[in-house]
Amino acid sequence: MAHGSSGGTPFKNPVVRWVDSRLPIFSMMVKEYGQFPAPRNFNYFWNFGALAMIVLMVMIVTGLFLSMHYTAHVDYAFNSVERIMRDVNFGWLMRYIHANGASMFFVVVFIHIFRGLYYGSYKKPRELLWIFGVIILLLMMATAFMGYVLPWGQMSFWGATVITNLFSAIPLVGDEIVTWLWGGFSVDNPTLNRFFSLHFLLPFVIVGVVFLHVAALHITGSNNPKGIEPKGPQDTLPFHPYYTIKDMFGSGVFMIIFAMFVFFAPNYLGHADNYIPANPLVTPAHIVPEWYFLPFYAMLRAITFNIGIPFTGVTIIEAKLGGVITMFGSIIVLFFISWLDTSPVRSARYRPIYKWCMWLLVLAVVVLGYCGSQPAEGLLVVVAQICTFYYFLHFLVLMPLLGKLERPLPLPRSISEPVLREPGAGPLPAGATAKPMEKS
Amino acid sequence: MADTTDSDGHTGTRRDFLYLATAATAGVGVLAFAWPLVDSMNPAADTLALATTNVDLTGVEAGQAITVMWRGKPVFVRHRTQGEITAAESADLSTLIDPEPDEARVINPDWLVVIGICTHLGCVPLGQRTTDERGEYGGYFCPCHGSVYDTSGRIRGGPAPRNLDVPEYSFTSETSIRIG
Amino acid sequence: MWKRACVLAALACVALGGPASASEGATHPPAQDWEFNGLFGTFDLASAQRGLQVYEQICHACHSLNHVAYRHLGELGFNEDEVAAIAANYQLSDGPDENGEMFDRPAEGSDFFVPFFANEEAARAGNGGAYPPDLSLIVKARSGGADYIYAFLTGFEEPPDGEELPAGRYWNEYFPGHQLAMPNILDVNTVEYTDGTEPTHAQMAWDVTNFLAWAAEPQMMERKQMGLKVVLFLLVFTALMYAVKRKVWANVHH
């Protein structure tokens with residue numbers, strides 16, 4: 001796919017030439033980020049990978065400087081965070097960027113994942129690329145969870161208690177695992193210490209997997225809104241300057257939204273209880289995780305029944321374990337969708353039924369998020385159960401089935417061709433018809 | 001990558017200006033983001049607020065000395081004997097490595113207040129206790145590389161380039177000083 | 001497309017972001033017109049200074065203010081001598097001295113607000129078993145923020161008919177669960193404002209809430225001012241980026 005990989009080095013600067021002939025990093029940069037041919041029809045959903053990269057960098061940099069002032073000890077953690085807020089030069093700025101950055105990271109990554117699901121970016125030949133992405137999501141969740149524990153407020157403490165207790169649902173060895181996770185008999189100083197250590201380590205693991213994610217992307221090339229492979233140079237544009245500039249513009253818009261949160265509503269996405277120092281004797285009236293975990297939290301609580309053999313009273317899976325399996329399963333299932341989806345067509349644009357299933361999935365996840373934010377009682381439990389059911393139905397049943405049953409719309413012959421004919425083309429998805437990006 | 005068709009030069013200039021302006025703005029933005037991070041490593045407000053130390057001198061007899069912490073560093077406060085004062089005041093300035101008269105280094109000649117950190121590489125010199133090695137000028141002796149200071153804390157021999165630093169301090173009463 | 005993404009992001013934020021704020025059995029506090037509200041909000045320093053008086057003379061008898069140092073009062077408009085004078089009213093235990101004894105000394109600017117009770121146990125013992133929470137972060141640590149604190153301080157009432165209060169318990173319209181150990185202190189005690197303002201119950205509640213809002217987030221004004229500059233800068237940068245993008249993409253037909 002690489003059109004531009006010519007033999008001799010194209011560099012004039014002698015130092016660059018010297019380095020490049022020994023370690024071709026400059027040639028690689030030119031090849032992978034300069035000439036790298038990208039489909040010409042990306043829409044703005046394709047900005048979110050670059051945005052995620054930017055947030056990751058911002059998180060690592062602010063986190064590094066915050067760690068210089070933070071003390072990972074139950075007696076000092078809360079106070080050291082307040083010292084950062086009040087006395088460290090620009091400490092409040094770094095902390096608010098870091099705290100809101102976590103939320104921004106998840107917003108960006110959720111949209112990025114939606115993009116992949118909607119346009120079929122997980123399908124052959126990009127299975128491995130997708131799997132790396134799911135691994136990144138899991139690592140992000142672990143990192144965010146442990147980071148939230150560090151300020152050692154009430155929500156930190158009780159969030160850590162509740163989430164680590166999930167592992168006690170594992171049959172036979174559950175309690176031993178939880179004790180091992182804690183390093184004691186409750187969430188305490190050893191727990192805080194190891195969470196800090198891992199919270200520092202995992203982002204660099206994420207960087208590693210992101211590298212693999214991007215490397216895999218550069219082998220297969222990018223998917224695009226039409227979901228068909230480029231047929232030749234007329235279908236692609238060099239990554240620079242076209243997409244570098246477009247990504248920069250997108251990141252400008254993104255940073256404005258980010259800044260609005262940091263400077264004008266820094267605690268909007270947080271929880272008031274986390275400004276109360278951790279107290280192992282008092283559980284807050286209403287424990288909720290950070291917003292990005294709410295859909296998964298709702299799935300955890302949706303399993304309110306034991307699963308067993310009907311009419312016999314034999315329980316195979318208790319409700320507690322069932323909830324844990326469901327919650328983790330909701331991520332694990334993503335590993336397999338490259339094979340669960342049997343459709344020959346990638347983009348939901350050309351899949352009239354699947355398209356609506358996709359939006360239903362979005363709706364289910366948003367509703368699950370709402371359920372997760374509310375006390376688990378009454379009608380909301382049923383709603384959460386229905387949404388959870390749909391979530392798994394979507395991946396485990398609809399994906400394999402629709403691929404066989406659905407009649408896709410005719411695919412355009414190439415990326416550059418159908419633009420000329422588009423006005424007459426049939427019923428396109430609401431999202432995709434909206435003006436193809438720029439001046440067309 | 002300036003290979004897009006450039007039909008007239010005028011457009012090109014305007015476009016180049018736009019690129020330059022954008023790149024400059026981006027550069028300013030990155031620097032503006034970097035500064036708070038760099039500045040966060042400077043002393044924080046609570047660290048700066050602890051920058052004064054009060055020392056009670058009652059009970060420190062002539063010939064005795066006390067060491068107090070100020071900004072995380074030892075400060076030597078020595079109640080000098082008459083002999084030490086005379087030795088400090090009578091030193092021939094032209095023979096000094098870092099010439100400075102004794103009266104410029106003390107407020108009350110009875111009391112020598114210096115930061116107890118060798119100006120060579122930051123060790124703490126000996127000489128506060130009467131049993132310490134004090135060097136041939138009776139002041140301080142640095143065990144690391146053999147710098148020798150006199151009873152005014154001035155460098156008289158060895159590798160150190162400067163006299164021991166005198167912190168900012170003032171007498172809040174006859175018998176107490178505030179450092180910083 | 002971008003619009004769609006924005007809507008999606010906004011939806012995610014709004015739908016999932018605002019955590020459940022309804023505490024069982026409490027009235028939602030009415031919104032007040034604070035001077036620190038909004039993009040350009042600033043602290044009402046005069047009110048906050050009066051609030052400091054309320055805190056010192058009334059609240060301090062039970063509530064600590066552990067994260068605020070006397071030197072921080074400089075940001076509230078006091079000069080160095082005034083800060084030193086305020087600090088000197090408090091005695092704190094320091095040491096050990098050269099004899100190994102702890103000793104009392106007056107507080108200085110660099111010290112943090114000296115609590116009335118030496119520790120949580122002492123505070124409980126002095127308050128019938130209830131622990132008066134630290135007030136440094138109280139505005140950020142309660143959903144409803146300053147509105148809640150003000151509503152709470154002015155929300156003490158006689159319990160509704162038929163509800164029996166145990167001894168040493170009081171009834172508050174806005175407190176979750178309504179019953180609490182704190183009396184309607186602003187009705188019992190009053191301060192003499194140095195600026196001559198009449199110390200009504202509502203006035204003292206208003207002033208001390210302003211003070212506590214400052215104490216919880218002293219960098220608020222700096223934050224908003226910097227935010228305006230940053231957003232303005234980003235708007236310019238994004239507009240420039242958009243112009244560049246238009247130029248770069250001008251020759252691409254699609």
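Helices and strands are DSSP runs, numbered from the N terminus, with at least four residues for a helix and at least two for a strand. The exercises below concern a predicted model.

**Exercise 1. Locate B:Thr119 and determine whether this residue is buried or exposed.**

Solution.
Step 1. B:Thr119 belongs to the loop that lies between strands S4 and S5 of chain B.
Step 2. A residue is buried when its relative accessible area is under 20%.
Step 3. The relative accessibility of B:Thr119 is 10%, and therefore B:Thr119 counts as buried.
Step 4. When neighbours within four places in sequence are left aside, B:Thr119 is in contact with B:Tyr149, B:Ala160, B:Pro161, B:Arg162, B:Asn163 and B:Leu164.

**Exercise 2. Find how many disulfides the structure holds, and describe the pairing.**

Solution.
Step 1. A disulfide is a covalent bond between the sulfur atoms of two cysteines. The cut-off applied here is a sulfur pair within 2.5 Å.
Step 2. Over all chains, a search of the whole structure finds one disulfide.
Step 3. Its partners are B:Cys123 and B:Cys144, with sulfur atoms 2.1 Å apart.
Step 4. This pair links distant parts of the chain, 21 residues apart: B:Cys123 is in the loop between strands S4 (111-115) and S5 (138-141) of chain B, and B:Cys144 is in the loop between S5 and strand S6 (148-150) of chain B.
Step 5. The torsion about the S-S bond is about -95 degrees, so the disulfide of B:Cys123 and B:Cys144 is left-handed.
Step 6. B:Cys144 has a relative accessible area of 39% and is therefore partly exposed.

**Exercise 3. Explain why A:Cys371 counts as buried, then state what is found for B:Cys142.**

Solution.
Step 1. A:Cys371 counts as buried because its relative accessibility is 4%.
Step 2. A:Cys371 is in no disulfide, and the nearest cysteine sulfur, that of A:Cys387, is 5.8 Å away.
Step 3. B:Cys142 has a relative accessibility of 1% and so counts as buried.
Step 4. For B:Cys142, the nearest cysteine sulfur is that of B:Cys118, 3.8 Å away, and B:Cys142 is in no disulfide.

**Exercise 4. Compare the span of helix H7 (residues 201-216) of chain C with the expected value, and do likewise for helix H10 (residues 239-264) of chain A.**

Solution.
Step 1. The expected span is 1.5 Å times one less than the number of residues.
Step 2. H7 of chain C has 16 residues and should therefore span 22 Å; its end C-alpha atoms are 22 Å apart, which agrees.
Step 3. H10 of chain A has 26 residues and should therefore span 38 Å; its end C-alpha atoms are 35 Å apart, which agrees.
Step 4. Each helix is mostly covered: 13 of the 16 residues of H7(C) are buried, and 20 of the 26 residues of H10(A) are buried.

**Exercise 5. Describe how helix H11 (residues 294-302) of chain A packs on helix H12 (residues 319-332) of chain A.**

Solution.
Step 1. The angle between H11(A) and H12(A) is about 145 degrees, and their axes are 7 Å apart.
Step 2. The crossing of H11(A) and H12(A) is right-handed.
Step 3. From H11(A), A:Phe296, A:Met299 and A:Leu300 meet A:Gly323, A:Val324, A:Thr326, A:Met327, A:Ser330 and A:Ile331 in H12(A).
Step 4. The residues of this contact comprise six nonpolar, three polar and no charged.
Step 5. A:Leu300, a residue of H11, has a relative accessible area of 13% and is therefore buried.
Step 6. Not counting residues up to four places away in sequence, A:Leu300 touches A:Leu166, A:Gly323, A:Val324 and A:Met327.

**Exercise 6. Identify what is unusual in the backbone at A:Pro241, C:Pro96, B:Arg71 and C:His178.**

Solution.
Step 1. Most residues other than glycine have a negative phi, and most peptide bonds are trans.
Step 2. The bond joining A:His240 and A:Pro241 is cis, with omega about 5 degrees; A:Pro241 is in helix H10 of chain A.
Step 3. The bond from C:Gly95 to C:Pro96 is also cis, with omega near 5 degrees; C:Pro96 is in the loop between strands S1 (91-94) and S2 (103-106) of chain C.
Step 4. B:Arg71 has a positive phi, near 55 degrees, and its relative accessible area of 56% makes B:Arg71 exposed.
Step 5. C:His178 has a positive phi of about 75 degrees, and at 16% relative accessibility C:His178 counts as buried.

Conventions:
Residues numbered from 1 in each chain as written. Chains lettered and ligands numbered in written order. Predicted model: local features only at pLDDT ≥ 70, side-chain atom pairs only at ≥ 80, totals over all residues. Heavy atoms only, no water. Buried < 20%, exposed > 50% of the residue type's maximum accessible area, 1.4 Å probe, protein only. Contact = heavy atoms within 4.5 Å. Axes fitted to C-alpha atoms, helices over the stretch in contact; angles between N-to-C directions. Left-handed = near helix turned anticlockwise from the far one by under 90°. Nonpolar A, V, L, I, M, F, W, Y, C, P; charged D, E, K, R; others polar.
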